[in-house]
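Here is a friendly walk through a few spots worth finding in the viewer. Keep the sequence and the structure open side by side as you read.

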Amino acid sequence: MVVDVVVGVIVAVLLLTAVVGGLSLRVVQQFQRGVVFRFGRVRDEVRAPGLVALMPVADRLRRVNVQIVTLPIPAQEGITRDNVTVRVDAVVYFRVVDPVKAIVNVQDYNFAISQVAQTSLRSIIGKSELDDLLANREPINQGLELMIDSPALGWGIEIDRVEIKDVALPEAMKRSMSRQAEAERERRARIITADGEYQASARLSEAAAVMSETPAALQLRLLQTVVEVAAEKNSTLVLPFPVELLRFLDSAAETHRRGAAQQGGTAQRGGTGEDTGEVAAEAEEPTLPGMEQLELPPLEEVLDRAPLDPPERSGGGREREEDGT
């Protein structure tokens, strides 16, 4: 009986030791920190990862995760500064840096951070313009992070980063923006085309100046154009007509018209002018040796004379006739 009693006592002691050990020993993971409450009062010492010994019945351990937490912010609808209704959702990355404050100062720090992030997101939407939300998000992310980080510091939480995920626009606004983008693309295309034409015209003017100095170059260029047109299997050959030839024909026609006009003006003059011209032409003819030089009567005398009257000769002529007689 003594042996049985001793064995029972030993077993009881072992069971009691096991129970006490189970109540006083805890394991803290590497990504956790332990906060100990002794009779409801928090201990200043934060327990590190590993095996933690506690006072049975008096101590209670709270484990706090110190990993970076990814908290999505539900989509918030708001009106931007340029009066456009949008829906914006974001994501917050944060972690606990002071486990004691995170446990003592706030009841549920995850829920608190979520609510602050939603409020800050609606506030930042009203202060921003649509173009900034779409293309210039970095300053908005920094401003949103600062707004969330201000109350989170008192909770022992550090905001790692905040990013806007998506901006949902109304369908009418999407169509308007697409039309604006198309118009901008078309404007740029027209400017590029005009610039290309300007540069091409400058090069063509330089080439024309070079060809004007050497006329054969223009003919070679014409033949090259004919070769390019006739390279394909075409039944029709397009032969360019030189512009210089047209100008030559035009100038020749203008010269012909001027000559015809001058001849018509000469023909309209009186017969007197023609006789006078003939007399002047006869007077300008050279005299040959051995020929008699007759003196012509004045024109007024010839006109006043009757048709049947014999012509009168000059004095030198009469003397010659008398001598001959």
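## Charged pairs along helix α6

Arg-190 has a relative accessible area of 58%, over the 50% cut-off, so this residue counts as exposed. Keep in mind that you are looking at a predicted model. The partner of Arg-190 is Glu-186, and the closest N and O atoms of this salt bridge are 2.8 Å apart. Glu-186 is partly exposed, with a relative accessible area of 43%. Both residues sit in helix α6, four residues apart, or about one turn of the helix. Elsewhere, Glu-254, Arg-257 and Arg-258 are joined into one network by salt bridges that share partners.

Helix α6, which covers residues 171-213, also holds Glu-184 and Arg-187, three residues apart and again about one turn of the helix. These two form a salt bridge whose closest N and O atoms are 2.5 Å apart. Glu-184 is partly exposed at 36% relative accessible area, and Arg-187 is partly exposed at 43%.

## A salt bridge between two loops

The count of salt bridges comes to 11. One of them links the side chains of Glu-129 and Arg-81, with 3.4 Å from N to O. Glu-129 belongs to the loop between α3 and α4, while Arg-81 belongs to the loop between β6 (69-79) and β7 (85-96), so the pair ties together parts that are 48 residues apart in sequence. Glu-129 is partly exposed at 30% relative accessibility, whereas Arg-81 is exposed at 52%.

## Ser-128 in the loop

Is Ser-128 buried or exposed? With a relative accessibility of 7%, Ser-128 counts as buried. You will find Ser-128 in the loop between α3 (109-127) and α4 (130-135).

A polar atom of the Ser-128 side chain lies 2.8 Å from the backbone oxygen of Ile-124. Leaving aside residues up to four places away in sequence, Ser-128 touches Thr-80, Arg-81, Leu-133 and Ile-140.

## Strand β2 and its partners

Now turn to β2, the strand at residues 32-38, where five of the seven residues are buried. On one pairing, β2 runs antiparallel to β5 (residues 59-65) over seven bridges, with Gly-34 opposite Arg-63 in β5.

β2 also pairs in the antiparallel sense with β3 (residues 41-47), through four bridges. Here Val-35 stands opposite Val-46 in β3. The two strands β2 and β3 form a hairpin with two residues between them, and Phe-39 in the turn has a positive phi of about 50°.

How values were computed
Residues numbered from 1 in each chain as written. Predicted model: local features only at pLDDT ≥ 70, side-chain atom pairs only at ≥ 80, totals over all residues. Heavy atoms only, no water. Buried < 20%, exposed > 50% of the residue type's maximum accessible area, 1.4 Å probe, protein only. Polar contact = N/O pair within 3.5 Å; in protein donor to acceptor, adjacent residues only side chain to side chain. Contact = heavy atoms within 4.5 Å. Pairing = 2+ DSSP bridges. Salt bridge = Lys/Arg side-chain N within 4 Å of Asp/Glu carboxyl O.
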